[in-house]
Amino acid sequence: MSRLIVVSNRVPNPDRPAAGGLAVAVQAALRDRGGIWMGWSGNSCGERDPGPLRIREEGNITYALTDLSDRDIAEYYQGFANSVLWPLCHYRIDLTDFARRDAAGYFRVNRQFAERLAPMIRPDDVIWIHDYHLIPLAAELRQMGIENQIGFFLHIPWPAPDVYLTLPVSERLLQSMTAFDLLGFQTAADAENFGLCLKRSRVAKPVAGQPGLFETPDRQFTVDAFPIGIDVAHFTRTARNAARNPTMRRFKDSLGDQQVIVGVDRLDYTKGIPQRLAGYRRFLENNPIWAGKVGYLQITPTSREGVAEYDALQREVAELAGRIAGQLGRLDWTPVRYVNRAFGQHILAGIYRMARVGLVTPLRDGMNLVAKEFIAAQDPADPGVLVLSRFAGAAYELEGGALLVNPYDEEGMANAIATAVSMSLERRQELHAYALAQIEAHDIFGWCDAFLTRLAPAIPELVADS
């Protein structure tokens, strides 16, 4: 059986249990057939050369880690990947900070990844590359004579042509992507946007009568949507067991009879947290009867400290939460609790299960797995209601099981919250049953199977750990 080689910007620590569904599924695939997981160690080697890959064997899995220099981190990671591609793909052209030096560093580091990986590749290996950090990697491998099947999955949105083509190196990136055999996106809309970019730039053209198949003068490749999921069974068990956690018992006692409205987001301008707070405030102003009967918990771990845009966002969110609490709160009731720290999965799962409303309202998101985790955590006998941005990838699957909102519409969000907190048990159960069936039918293991089967049909299906 051919091995699987996975390449991602970061690699999970093999000494710790995999925290995310992606790591669980990829490790299961690597375990089943053997293979390599290569990526950045997360460490800097300063101004020195990173040196050879650090190799660690764990059963059938070989972890291959490389350090990056300070220059590499500044140009490849902080520069082009996170200051250009991230905002661009989330439709924030105004926040892109393009520099030729950073673009050159991005392509240089991808070439370094290819040079370190190439000697490890066997002729029948299947290679799966992940996310926006490593878009040019397949092209670099092809230039070194690697002819293996190579797939790519983008975990963030792909923008419409009028947004993407503002990037000065847009055509070069598109040309590099034609080196993949299969390109996977979160939604059909993302895959369609990518196809339109190919056609608008004349980098590749669709093959008549074969949807998703494109060709250049040299080769053909496939583009399709593969919506990512979560480990539903595991998350459901975690949420059920969370009730025994002392922290969760104290939190429940602190609420009294209040219904919980919860939002959980990494601090990022794509998540729409200020707009969500504004919508919640409008809900309280329009529905004063709910004062003292609901409480909104916003959990927002800090990300990318020292970056001006994120520091400003942190101040804005804290000020908005404080203003709502100060102006609308009472001696016996705090309308908003804003917590600027991270919690373990078992705590979050317990909070989701306790919540009457989950607010997942990003301005733009590739998928947003918090939406699926919220659904998986609910008690089917008395479930909460998901209020979901129509601009999250999850909305394509969960439209019939959530209240969809426009995160830019403050009044619409307020109305959705009012509908959610007052919804009948029967209607809540209907919405939850639909959403749960959707996420169970498209869990993380099914996502992994679907992609790898298209890339290399001989790969065996995965089975979730019981």
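**View 1. The hairpin of S3 and S4.** In this predicted model, strands S3 and S4 form a hairpin with two residues between them. Take a look at Gly59 in the turn, which has a positive phi of about 65°. Strand S3 covers residues 54-58 and pairs with S4 in the antiparallel sense, over five bridges. For a handy place to begin tracing this pairing, try Arg54, whose bridge partner in S4 is Leu65.

**View 2. Strand S4 and its other partner, S2.** Strand S2 (residues 35-44) also pairs with S4, here in the parallel sense and over seven bridges. Ser44 stands opposite Leu68 in S4, a useful pair to pick out by eye. S4 itself runs through residues 61-68 and is mostly covered, with eight of its eight residues buried.

**View 3. The two faces of S4.** In a regular strand, side chains alternate between the two faces of the sheet. Which residues of S4 are buried on one side, and which on the other? Ile61, Tyr63, Leu65 and Asp67 are on one side, while Thr62, Ala64, Thr66 and Leu68 are on the other. Both faces are covered.

**View 4. The largest nonpolar core.** This core holds 94 residues. The members that touch the most others are Val7, Leu141, Trp158, Phe194, Tyr280 and Phe283. Helix H2 (residues 70-89) gives the most to this core, contributing nine residues. A second, separate core has 64 residues, including Trp37, Ile61, Ile230 and Phe374.

**View 5. The surroundings of Trp158.** Here we zoom in on one of the residues that touch the most other members of the largest nonpolar core. Leaving aside residues up to four places away in sequence, Trp158 touches Tyr91, Ile135, Tyr164, Leu174, Met177, Phe185, Asp190, Asn193, Phe194 and Cys197. Phe194 is worth a second glance, since this neighbour of Trp158 is also among the residues that touch the most other core members.

**View 6. Helix H3 from end to end.** H3 spans residues 100-117, 18 residues in total. From its first C-alpha to its last, H3 reaches 26 Å, close to the 26 Å expected at 1.5 Å a residue. The helix is mostly covered, with 13 of its 18 residues buried.

**View 7. Asn245 between two helices.** Asn245 lies in the loop between helix H8 (232-241) and helix H9 (246-255). Is this loop residue buried or exposed? Asn245 counts as buried because its relative accessible area is 17%, and the cut-off for buried is under 20%. Not counting residues up to four places away in sequence, Asn245 touches His346 and Ile347.

Technical notes
Residues are numbered from 1 along each chain as its sequence is written. This is a predicted model: local features need pLDDT of at least 70, side-chain atom pairs count only at pLDDT 80 or more; totals for chains, interfaces and linings use all residues. Side-chain values use heavy atoms; hydrogens and water are left out. A nonpolar core is a set of buried Ala, Val, Leu, Ile, Met, Phe, Trp, Tyr and Cys residues joined through side-chain atoms within 4.5 Å. Buried means under 20% relative accessible area, exposed over 50%, partly exposed in between (1.4 Å probe, protein chains only). Helices (H or I, at least four residues) and strands (E, at least two) are DSSP runs, numbered from the N terminus. Contact means heavy atoms within 4.5 Å. The expected span of a helix is 1.5 Å times one less than its number of residues. Two strands pair if DSSP finds at least two bridges between them.
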